[in-house]
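Hi everyone, thanks for coming. I'd like to walk you through a structure today, so please take a look at the picture before I start.

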Amino acid sequence: MVERREHLRKLGELLRSFPVVALIGARQVGKTTLAKVLSSRRKAPTHFFDLESPPDAARLADPFLTLEPLKGLIVLDEIQRVPGVFSVLRVLADRPHVPARFLVLGSASPELLRQSSESLAGRVAYYQLPGLALAEVGGDQADRLWLRGGFPRSFSASGDPESYQWRANFVRTFLERDIPQLGIGIPSTTLDRFWSMLAHYHAQIWNGSELGRAFGVSHHTVRRYLEVLESTFMVRSLRPWSANVKKRQVKSPKVYVRDSGILHRLLNIATRNALDRHPKIGASWEGFMIENVIHALDLEDRQCFFWGTHGGQEIDMVVDQGGSLRGFEVKRTSAPRLTRSMRGALADLRLSRLDVIHAGPESYPLAKRVNAVSASTLLKDIQG
């Protein structure tokens with residue numbers, strides 16, 4: 001098991017500052033395991049309720065009666081199963097001296113977010129748990145992480161065939177069981193087809209009209225499909241950054257399947273050899289690197305954008321650092337060069353720094369404020 005020390009530390013800090021912490025993230029990303037490890041290391045009493053377990057759900061038929069006497073840390077797993085508990089948590093969180101703190105776990109249910117924001121405003125902190133990243137597994141495991149993705153059971157499977165089968169089962173269960181449980185009424189076959197089609201648009205500009213025509217529905221309908229996959233942490237949309245320049249800028253987001261292993265399953269890529277021969281290899285590597293940059297720099301979704309013009313200039317990711325912009329370009333080559341597009345983006349966006357992440361073994365300066373960063377030393381070189 002990969003010990004997720006940084007997430008444990010951050011979660012512990014939030015629990016010291018807030019009476020309620022919501023740990024959210026995709027199914028099977030490791031929320032329950034992280035909560036159990038955290039609980040086992042606390043000296044105070046810990047009470048764990050799995051709301052998918054009939055006995056635990058029955059114990060919370062009257063949540064106030066059950067939770068009010070408890071002290072220490074109270075963990076409520078799959079909280080979206082009992083949304084009415086949020087109003088009780090508001091009362092318990094407001095007690096003097098805070099006799100108990102609550103860690104609630106949930107897959108990014110719209111009901112979870114709506115109920116908690118209404119009932120626990122000012123009392124709750126959110127922490128989004130991503131999949132495994134290079135910083136956690138080590139650079140020597142980069143190829144394995146890229147092929148299998150960051151879901152712990154997929155990454156740690158005994159072999160590539162077992163990992164691929166786990167992801168196949170995950171996709172099927174997610175569509176057939178998890179989506180309906182979240183109150184989303186889209187047929188699993190429709191969402192499966194859309195998700196698979198979206199994988200072929202990975203790392204491209206969102207074109208709702210084109211996808212809508214392929215499905216025979218409006219662009220508003222396919223946008224709803226996209227929002228479902230975004231809200232469940234399956235897809236990332238990088239919003240377009242708008243600069244004050246006299247150029248026609250792209251105004252649609254760029255879409256990625258967040259987990260490279262799930263992307264490869266949707267594209268029927270089972271082995272590294274198959275990945276090396278696939279036409280989406282460059283796009284897959286781009287998404288993988290972007291996710292790891294976001295993790296390494298501890299970026300929030302609201303800080304991350306992409307920028308492009310209709311004239312062909314583009315930067316894969318632009319990070320808003322609150323007063324300055326930083327750019328990231330991903331190139332699957334061993335010797336990247338400074339391009340005219342990069343020079344234009346550097347000047348138009350007034351970037352404080354542009355990192356060109358590449359597959360070669362060494363990092364080196366390309367120009368003033370522009371660095372070629374080796375993927376093998378990514379974690380060290382982008383921090384400088």
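**Two sheets and two pockets**

Let's begin in the middle of things: strand 9, residues 304-308, and strand 10, residues 314-320, run antiparallel and are joined by four bridges. If you want one pair of residues to find on your screen, take Trp307, whose bridge partner in strand 10 is Ile315. Do keep in mind that we are looking at a predicted model.

Now let's zoom out from that pair. Strands 9 and 10 belong to an open sheet of nine strands, in the order 6-8-7-9-10-11-12-14-13, and the pairing in this sheet is mixed. Which strands stand at the edges? They are strand 6 (204-205) and strand 13 (364-367); each has a single partner strand, so one side of each is left without a neighbour in the sheet.

Strand 7 is a nice place to see what mixed pairing looks like. With strand 8 it runs antiparallel, over four bridges, and here Arg236 stands opposite Tyr256 of strand 8. With strand 9, strand 7 runs parallel, and two bridges join them. On that side, Arg239 has Phe305 in strand 9 as its bridge partner.

Something lies across this sheet, too. Helix 16 lies across strand 7 (235-240), strand 8 (254-257), strand 9, strand 10, strand 11 (325-331) and strand 12 (353-358). Its direction is at about 145° to strand 11. Please remember helix 16, as we will meet it again.

On to the other sheet. This open sheet has five strands in the order 2-3-4-1-5, and the pairing is parallel. Strand 2 and strand 5 are at the edges with a single partner strand each, so one side of each is left without a neighbour in the sheet. From one strand to the next, the twist averages 15°.

Inside this sheet, strand 3 (residues 72-77) and strand 4 (residues 100-106) pair in the parallel sense over five bridges. For example, Leu73 has Arg101 in strand 4 as its bridge partner. Helix 2 packs on the sheet, where it touches strand 1 (20-24), strand 2, strand 3 and strand 4. The direction of helix 2 makes about 160° with that of strand 4.

Next, the pockets. How many residues line the largest pocket? There are 41, and Gln128, Leu129, Pro130, Arg258 and Leu299 lie nearest its centre. Helix 1 (5-17), strand 5 (124-128), helix 14 (260-266) and helix 16 (281-296) are the elements that give two or more residues to this lining. Here is helix 16 again: with six residues, it gives the most to the lining of the largest pocket. The volume of this pocket is about 1100 Å³, and its lining residues divide into 22 nonpolar, eight polar and eleven charged.

The second largest pocket holds about 630 Å³ of space. Its lining has 27 residues, with Gln28, Gly30, Lys31, Thr32 and Thr33 nearest the centre. Helix 2 (31-40), strand 2 (46-50) and helix 9 (152-155) each supply at least two lining residues. Which of the elements provides the largest share? That is helix 2, with six residues. By type, the lining of the second largest pocket has ten nonpolar, five polar and twelve charged residues.

Let me finish with the whole protein. Its secondary structure comes to 18 helices and 14 strands. The radius of gyration is 22 Å, close to the 21 Å that the globule rule gives for 384 residues, so the protein is as compact as a globular protein of that length. Taken along the principal axes, the C-alpha atoms fill a box of roughly 65 × 45 × 45 Å.

If you take two helices home with you, take helix 16, which lies across strands of the nine-stranded sheet, and helix 2, which packs on the five-stranded one. Thanks for listening!

Notes:
Residues numbered from 1 in each chain as written. Predicted model: local features only at pLDDT ≥ 70, side-chain atom pairs only at ≥ 80, totals over all residues. Heavy atoms only, no water. 1 Å grid on protein atoms, 1.4 Å probe; cavity = no way out; pocket = protein on both sides within 12 Å on 5 of 7 lines; lining within 4 Å. Points joined across faces, edges and corners; volume = space filled by probe spheres on them. Nonpolar A, V, L, I, M, F, W, Y, C, P; charged D, E, K, R; others polar. Pairing = 2+ DSSP bridges. Axes fitted to C-alpha atoms, helices over the stretch in contact; angles between N-to-C directions. Contact = heavy atoms within 4.5 Å. Rg over C-alpha atoms; globule rule 2.2 N^0.38 Å.
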